[in-house]
Amino acid sequence: MKRVVAVLGALMVAASMVSACTLGATDGRLRIALVMSHMTNSFTTTVANSAVAEGEELGITVTVFDGNSDAATQISQIESAVAQGYDGILVEPVSKEGIAPGLKAANEAEIPIATIVQQAEQQERAASYIGGDDTAAGKLQMEKVIEAIGEEGAIAVLYGPMGSDGQLQRKAGYDAVLAEHPGVSVVLEQTANWDTAQALTVTENWLSTGTRIDAIVAQNDSMALGALKALTNAGEQGDVHVSGVDATDDGVASIRDGGMAGTVSQDTAGIGRLAVDTMDKLIKGETVEAVNYTEAVWITADNIDTLDSDG
């Protein structure tokens with residue numbers, strides 16, 4: 001059943017993304033543009049799938065735009081949504097500074113715009129933020145890693161795109177915890193841009209140096225899986241604690257199979273649903289909170305069955 005739901009969700013997003021390329025005739029339903037930073041991993045597709053599904057439940061058309069990890073593309077997509085008269089815009093910024101012109105365009109057109117997953121540098125121009133508390137997620141992840149490896153350890157960190165809100169906030173969480181554990185040091189750190197293949201290559205390079213690594217702390221599950229693959233190829237899978245963030249389907253499957261040690265769930269599907277619910281209220285002129293956080297929960301093999309994979 002879960003596979004059927006996942007396939008149906010993917011088809012909904014695919015159809016929605018196709019419609020993003022055409023103006024199309026409206027049918028009297030409210031229209032929300034969902035401008036994602038990219039659509040290349042399980043996290044972003046899950047957010048988009050759940051947003052589209054929630055829109056269907058509410059009688060709202062949610063159209064997904066793929067920003068292809070490019071700020072200029074996102075600005076163009078937001079401006080296009082403004083020109084096409086969308087009722088509301090949800091955007092997951094590629095970078096904190098990158099969407100300022102898009103926020104300005106929506107404000108000038110008096111179209112409500114809110115950020116999801118990551119906040120913007122000019123967040124005050126957005127009506128709301130919907131997503132996880134990334135600083136809290138980073139703190140929780142690092143606390144659990146140190147519990148696992150002890151007070152004397154060497155950690156390698158895989159970052160998301162440098163300067164992105166998720167990268168900065170999760171690192172802030174890491175740094176706060178590390179400051180309280182002076183015996184644990186970060187011996188290697190590099191961005192892999194949320195990407196599994198890049199994380200694989202980075203980790204292979206790290207392993208080739210012979211540097212002692214007790215844990216690899218990845219800022220998302222996709223990169224954790226790339227690191228795990230490199231360790232497995234080198235015959236070192238059981239020697240290094242590997243964790244991620246997002247509790248994606250692939251990450252959860254790896255934990256079940258004895259691969260990743262843990263991940264931080266921020267209710268990925270819930271973010272998509274909450275984003276559409278919040279924008280629906282904004283469009284209707286209702287008051288919403290400026291910040292709407294989902295909860296960070298540490299997931300391991302011990303509590304993995306508490307996850308509601310069907311959202």
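Is Glu57 buried or exposed? With a relative accessibility of 68%, Glu57 counts as exposed, because the cut-off for that class is over 50%. This residue sits in helix H2, which covers residues 42–58. Keep in mind from the start that you are looking at a predicted model. To get a feeling for distances, look from Glu57 across to Thr300: the two are 243 residues apart in sequence, and their C-alpha atoms lie 32 Å apart in space.

How confident is the prediction? The mean pLDDT of the protein chain is 90, and 90% of its residues reach 70 or more. Two stretches deserve a more careful eye. Over residues 1–8, pLDDT stays under 50, and the model has 3 contacts beyond four places in sequence for this stretch. Residues 18–25 also stay under 50, with 7 contacts beyond four places in sequence.

Let us move on to a loop. Between strand S2 (60–66) and helix H3 (71–83) you will find Asn68. Its phi is near 50 degrees, a positive value in a residue other than glycine. Why is that worth a look? Most residues other than glycine have a negative phi. Asn68 is exposed, because its relative accessible area of 55% lies over the 50% cut-off. Setting aside residues up to four places away in sequence, Asn68 touches Ser37 and His38. Ala296, by contrast, is 228 residues away from Asn68 in sequence and 27 Å away in space, C-alpha to C-alpha.

A second positive phi waits further along the chain. Asp267 has a phi near 60 degrees, and Asp267 too is a residue other than glycine. You can find Asp267 in the loop between strand S10 (262–265) and helix H10 (268–283). Its relative accessibility is 34%, so Asp267 counts as partly exposed, since that class runs between 20% and 50%.

Step from that loop into helix H10 and you come to Leu282. Here the relative accessible area is 16%, and Leu282 is therefore buried, the cut-off being under 20%. What does Leu282 touch, leaving aside its neighbours within four places in sequence? Its contacts are Pro112, Ala114, Ala127 and Val288. Take Ala127 as one of these: Leu282 and Ala127 are 155 residues apart in sequence, yet 7.9 Å separates their C-alpha atoms.

Now for the way helices pack against one another. Start with helix H5 (residues 134–149) and helix H6 (residues 165–178), whose axes are 7 Å apart and meet at an angle of about 45 degrees. That angle makes H5 oblique to H6, because it falls neither under 35 degrees nor within 65 to 115 nor over 145. The crossing of H5 past H6 is right-handed. On the H5 side, the contact is made by Asp134, Thr135, Gly138, Lys139, Gln141, Met142, Glu143 and Ile146. H6 contributes Gly166, Gln169, Arg170, Ala172, Gly173, Tyr174, Ala176, Val177 and Leu178. Sorted by class, the residues of this contact are 7 nonpolar, 6 polar and 4 charged.

Further along, helix H7 (residues 196–208) packs with H8 at an angle of about 45 degrees, their axes 7 Å apart. That makes H7 oblique to H8, and their crossing is right-handed. From H7, the residues taking part are Thr196, Ala199, Leu200, Thr203, Glu204 and Leu207. They meet Ser222, Met223, Leu225, Gly226, Ala227, Lys229, Ala230, Leu231 and Asn233 in H8. This contact has 8 nonpolar, 5 polar and 2 charged residues.

H8 (residues 221–233) also has a partner in helix H9 (residues 249–256): the two axes come within 8 Å and cross at roughly 45 degrees. H8 and H9 are therefore oblique to each other. Which hand does the crossing of H8 and H9 have? It is left-handed. The contact joins Asp221, Leu225 and Leu228 of H8 to Asp250, Gly251 and Ser254 of H9. By class, these residues divide into 2 nonpolar, 2 polar and 2 charged. As you look at H8, pick out Leu225, which takes part in the contact with H7 and in the contact with H9.

How values were computed:
Residues numbered from 1 in each chain as written. Predicted model: local features only at pLDDT ≥ 70, side-chain atom pairs only at ≥ 80, totals over all residues. Heavy atoms only, no water. Axes fitted to C-alpha atoms, helices over the stretch in contact; angles between N-to-C directions. Helix = DSSP H or I, 4+ residues; strand = E, 2+ residues; numbered from the N terminus. Left-handed = near helix turned anticlockwise from the far one by under 90°. Contact = heavy atoms within 4.5 Å. Nonpolar A, V, L, I, M, F, W, Y, C, P; charged D, E, K, R; others polar. pLDDT = per-residue confidence, 0-100. Buried < 20%, exposed > 50% of the residue type's maximum accessible area, 1.4 Å probe, protein only.
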